[in-house]
Amino acid sequence: MVGIVMFHPRFLVAFILSNYLVCLLATAARNGGFTFELIRQDSLNTPFYNANKYYPNVPQSQISAYKGHHLMKVSIGTPPVHIYGIADTGSDLVWTQCVPCDGCYNQTNPMFDPQKSSTYSDISCQSEQCHLIDTGTCSPQNLCSYTYGYGSGSITQGVMAKEKVTITSTSGKTVSFDLAFGCGHNNTGTFNDQEMGIIGLGGGSDSLVSQLGSTFGSKRFSQCLLPFGTDPNIASKVSFGNGSEVVGSGVVSTPLVTKEDKTPYFVTLEGISVGQTYVPFNFSGKVSKGNMFLDSGTPPTLLPENFYDRLVAEVQKQIPMDPIQVQDDADLGTQLCYRTEINLHDNAPILTVHFEGADVLLTPRHSFIPPKDGVYCFGMQSFGNIDIGIYGNFAQANYLIGFDRETMRVSFKSTDCSKQ
């Protein structure tokens, strides 16, 4: 794909859990940060296809999810317009569909119209912010044009602009800040009609997290996600800024690995134990630093094919029943699934994920997901013949996970996220 710099894996599995609905409400974090509450609405009838504490009077936003994506609600412009964009830790650019939009996908809500906002301003080619995005080029009008692509072939094209973004507090007060974002005038790909764009939360300089670092005290955030199938009236939480650090008894930490690509949150996976049996990432036992990145927007964990095949073989050895065959249920594809009247969560082995310096235990509820009644599917899938993997949100559930770009560490704390 010529001119596309970001090959984002999210959309390779975007069709998974087509009714994975989430609503995120922001409350507060202490010391100038803020917290989002995530309210999930899961549907157990949806096929699983291949592929901190509450503080009053603090900034509040809203996130929902639709067809496998977490949608984050922000208000942009003057007067403010509500935008629902995919909350994406695997990319940086914040963008939404803008009028005029001749080459765009359909969306239910009205598109953002820059001409109706008194605080909208285009970013020029010469500005520093234009150079934050690698594909920024100069239009005949001296505007900063961009092209940004994703792994599925989805593409957004438009102009970079600056706009006022508003978050409303729980007391009704508002917090506003200027944000550089993409005004997309030509957007195609695997988007549905509820998705008005993408809110990039990655590690690059043009992501929402990076741009808000000075506003909320630091470039760090943490999350506590509920497991699949949890009561939708119970909220998950995501906190940003100072006060979002993960500390205390039981915390394990692994280094964030710096690579040329600053967007993903890379860590090093050494192997995974199935019960007491250790399965190394590589046969040699040696691994490349940063061979995995954490992505709360991708439901399953995706592993290199060779590692996945060896891991699945060991899982099958320790579960005394025959898996579902492809011809028996085409919806499930080639993934490892079991049909049983018993609760597999009581009979499957515990997995231990061995990150560098941090062992993270996955219960059967993490590792086997019930996409339909009486069926349990392994929450990890093959990512093909590549040497890198994605640690998805099934595995991240019921852990308070801190992404600290100040100390360059990711921390895990086993937590009942329904009570966090």
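The lining of the second largest pocket is made up of 6 nonpolar, 3 polar and 4 charged residues. Here Ala, Val, Leu, Ile, Met, Phe, Trp, Tyr, Cys and Pro count as nonpolar, Asp, Glu, Lys and Arg as charged, and the others, Gly among them, as polar. The model is predicted: local features need pLDDT of at least 70 and side-chain atom pairs pLDDT 80 or more, while totals for chains, interfaces and linings use all residues. Residues are numbered from 1 along each chain as its sequence is written, and side-chain values use heavy atoms, without hydrogens and water.

A disulfide is a pair of cysteine sulfur atoms within 2.5 Å. By this rule there are 6 disulfides. Counting bonded cysteines along the chain, their pattern is 1-8, 2-3, 4-6, 5-7, 9-12, 10-11. The table gives some of them.

| Disulfide | S to S distance | Torsion about the S-S bond |
|---|---|---|
| cysteine 101 and cysteine 104 | 1.6 Å | -65°, left-handed |
| cysteine 224 and cysteine 417 | 2.1 Å | about -85°, left-handed |
| cysteine 337 and cysteine 377 | 2.1 Å | 105°, right-handed |

Strands are DSSP runs (E, at least two residues), numbered from the N terminus. Cysteine 337 lies in strand 23 (residues 337–339) and cysteine 377 in strand 27 (residues 375–378), so their disulfide ties together parts 40 residues apart in sequence. Both cysteine 337 and cysteine 377 are buried, where buried means under 20% relative accessible area, found with a 1.4 Å probe on protein chains only. Cysteine 224 is buried at 1%, and cysteine 417 is also buried at 1%. Cysteine 101 has 16% relative accessibility, so this residue counts as buried.

Note on methods:
Buried < 20%, exposed > 50% of the residue type's maximum accessible area, 1.4 Å probe, protein only. Helix = DSSP H or I, 4+ residues; strand = E, 2+ residues; numbered from the N terminus.
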